[in-house]
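Work through the exercises below with the structure open beside you. Try each task before reading its solution.

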Amino acid sequence: MSAPTVPSATAAGSGRSATERFTQKERSTSSVDQARVSAIATDAITALHDVIRRHGVTYAEYDALKAWLIRVGEDGEWPLFLDVWVEHVVEEVANADRKGAVGTIEGPYYIPGSPEFRSGATLPMRDGEQGTPLLFQGTVTDLDGNPIEDARVELWHADDDGFYSQFAPGIPEWNLRGSILTGADGRFAFHTVKPAPYQIPTDGSCGALIAAAGWHAWRPAHLHLKVSAPGKQLVTTQLYFEGGAHVQDDVAQAVKPELILRPTPAASGHGEEVTYDFALDPA
Ligand code: MBD
Ligand code: FE
């Protein structure tokens with residue numbers, strides 16, 4: 001039996017959810033330094049002026065841009081747009097000095113507070129959840145390789161149809177989302193299913209940009225992770241599968257060579273397994 005496909009997931013639906021989530025998220029309230037706002041905003045606006053001059057942008061194109069920007073807001077796709085086309089550079093700058101586990105973008109579909117499990121648990125999934133069974137396991141250590149007890153490993157990923165729970169209708173709340181606290185040996189193990197390549201919504205404003213430019217909307221199949229421990233830097237990352245579609249041409253430019261998994265047939269004879277270890281930098 002295959003898991004039911006999701007009824008009528010729409011760009012506007014997932015966009016609305018992602019926008020609501022982001023708006024509700026707690027974030028630092030400290031104001032940004034005025035001189036920095038001025039310098040960054042001036043450079044960003046000047047960069048746009050340069051593009052207009054270089055390409056001889058017309059009034060028709062300027063109006064198309066205005067209409068498109070208005071639509072991005074209307075269908076809630078600012079989180080999607082920014083995370084697909086901008087976040088990877090913010091991540092690169094933020095984590096340039098990190099020595100341990102390699103990070104990449106968070107994307108728009110993280111939900112904090114996923115259910116906690118013991119190592120070796122199966123992520124919440126439906127009967128007949130589609131996809132090759134995958135045992136994903138590893139160890140969390142410090143930079144010297146000492147195992148970290150009570151490290152938190154949070155895993156979330158799309159289903160075989162490319163949908164995330166809480167961002168598409170008809171999927172149980174915590175489907176394919178869960179957290180494990182490591183034991184004294186620093187180890188964690190999740191049973192899940194291998195996700196499929198993922199197409200960002202094509203029926204909204206981001207899809208309209210992609211179609212108008214003749215680009216593609218695909219991300220490679222990926223697991224999302226947040227790994228954290230007291231006194232250590234939180235690592236937000238994603239892992240991909242060697243040889244998978246779009247590993248070389250991710251629309252979100254979030255693939256790095258250190259983030260490629262090479263699963264092997266599982267020792268259990270059931271599906272595949274792969275080990276990936278995380279070394280955390282001191283906070
Ligand atoms: C995703 O699943 C994702 O990870 C990113 C970065 C953007 C859109 C959808
Ligand atoms: Fe994703």
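The exercises cover a surface patch, a helix pair, salt bridges and some loop residues.

The model is predicted, so local features need pLDDT of at least 70 and side-chain atom pairs count only at pLDDT 80 or more, while totals for chains, interfaces and linings use all residues. Residues are numbered from 1 along each chain as its sequence is written, chains are lettered from A and ligands numbered from 1 in the order in which they are written, and side-chain values use heavy atoms, with hydrogens and water left out.

**Exercise 1. Find which helices supply the nonpolar patch on the surface, and place Val86.**

Step 1. Fix the terms. Patches are made of residues with over 30% relative accessible area and no salt bridge; like charges are joined within 9 Å, and nonpolar side chains (Val, Leu, Ile, Met, Phe, Trp, Tyr) within 5 Å. Accessible areas come from the Shrake-Rupley method with a 1.4 Å probe, and for residues only the protein chains shown count as cover. Helices (H or I, at least four residues) and strands (E, at least two) are DSSP runs numbered from the N terminus.

Step 2. List the members. The patch consists of Leu48, Val51, Ile52, Val57, Tyr59, Tyr62, Leu65, Leu69, Trp78, Leu82, Val86 and Val90, and together they have about 1000 Å² of accessible area.

Step 3. Assign them to helices. At least two patch residues come from each of H2 (34-55), H3 (59-74) and H4 (78-85). The most come from H3, which gives four.

Step 4. Place Val86. This residue is in the loop between H4 and H5 (87-94). Its relative accessibility is 35%, so Val86 is partly exposed (buried is under 20% relative accessible area, exposed is over 50%, and partly exposed is in between, with a 1.4 Å probe and protein chains only).

**Exercise 2. Describe how H4 and H6 cross, and name residues that meet.**

Step 1. Recall what is needed. Two packed helices are described by the angle between their axes and the distance between the axes. Axes are lines fitted to C-alpha atoms, for helices over the stretch in contact, and angles run from 0 to 180 degrees between N-to-C directions.

Step 2. Read the values. The axes of H4 and H6 (residues 205-213) come within 9 Å and cross at roughly 45°. H4 is therefore oblique to H6 (under 35 degrees counts as roughly parallel, over 145 as roughly antiparallel, 65 to 115 as roughly perpendicular, and the rest as oblique).

Step 3. Look at the side of each helix. Leu80, Phe81 and Trp85 of H4 meet Cys206, Leu209 and Ile210 of H6, where contact means heavy atoms within 4.5 Å.

Step 4. Check burial. In H6 the buried residues are Ser205, Cys206, Gly207 and Ile210, and these pack against H3 and H4.

**Exercise 3. State where the partners of three salt bridges lie: Arg53 with Asp50, Lys226 with Glu106, and Glu272 with Lys194.**

Step 1. Apply the rule: a side-chain nitrogen of Lys or Arg within 4 Å of a carboxyl oxygen of Asp or Glu. The count is 10 salt bridges.

Step 2. Take Arg53 and Asp50, whose closest N and O atoms are 3.9 Å apart. They are three residues apart in H2, so about one helical turn separates them. Arg53 is exposed at 65%, and Asp50 is partly exposed at 39%.

Step 3. Take Lys226 and Glu106, at 2.7 Å from N to O. Lys226 is in strand E9 (residues 223-228) and Glu106 in the loop between H5 and strand E1 (116-117), so this pair ties together parts 120 residues apart in sequence. Both Lys226 and Glu106 are buried.

Step 4. Take Glu272 and Lys194, at 2.9 Å from N to O. Glu272 is in strand E13 (residues 272-275) and Lys194 in the loop between strand E6 (187-193) and strand E7 (198-199), so the tied parts are 78 residues apart in sequence.

**Exercise 4. Decide whether Tyr164 is buried or exposed, and find what Tyr164 touches.**

Step 1. Tyr164 is in the loop between strand E4 (152-156) and strand E5 (177-181). With a relative accessible area of 3%, Tyr164 is buried.

Step 2. Not counting residues up to four places away in sequence, Tyr164 touches several residues, including Tyr109, Trp156, His222 and His224.
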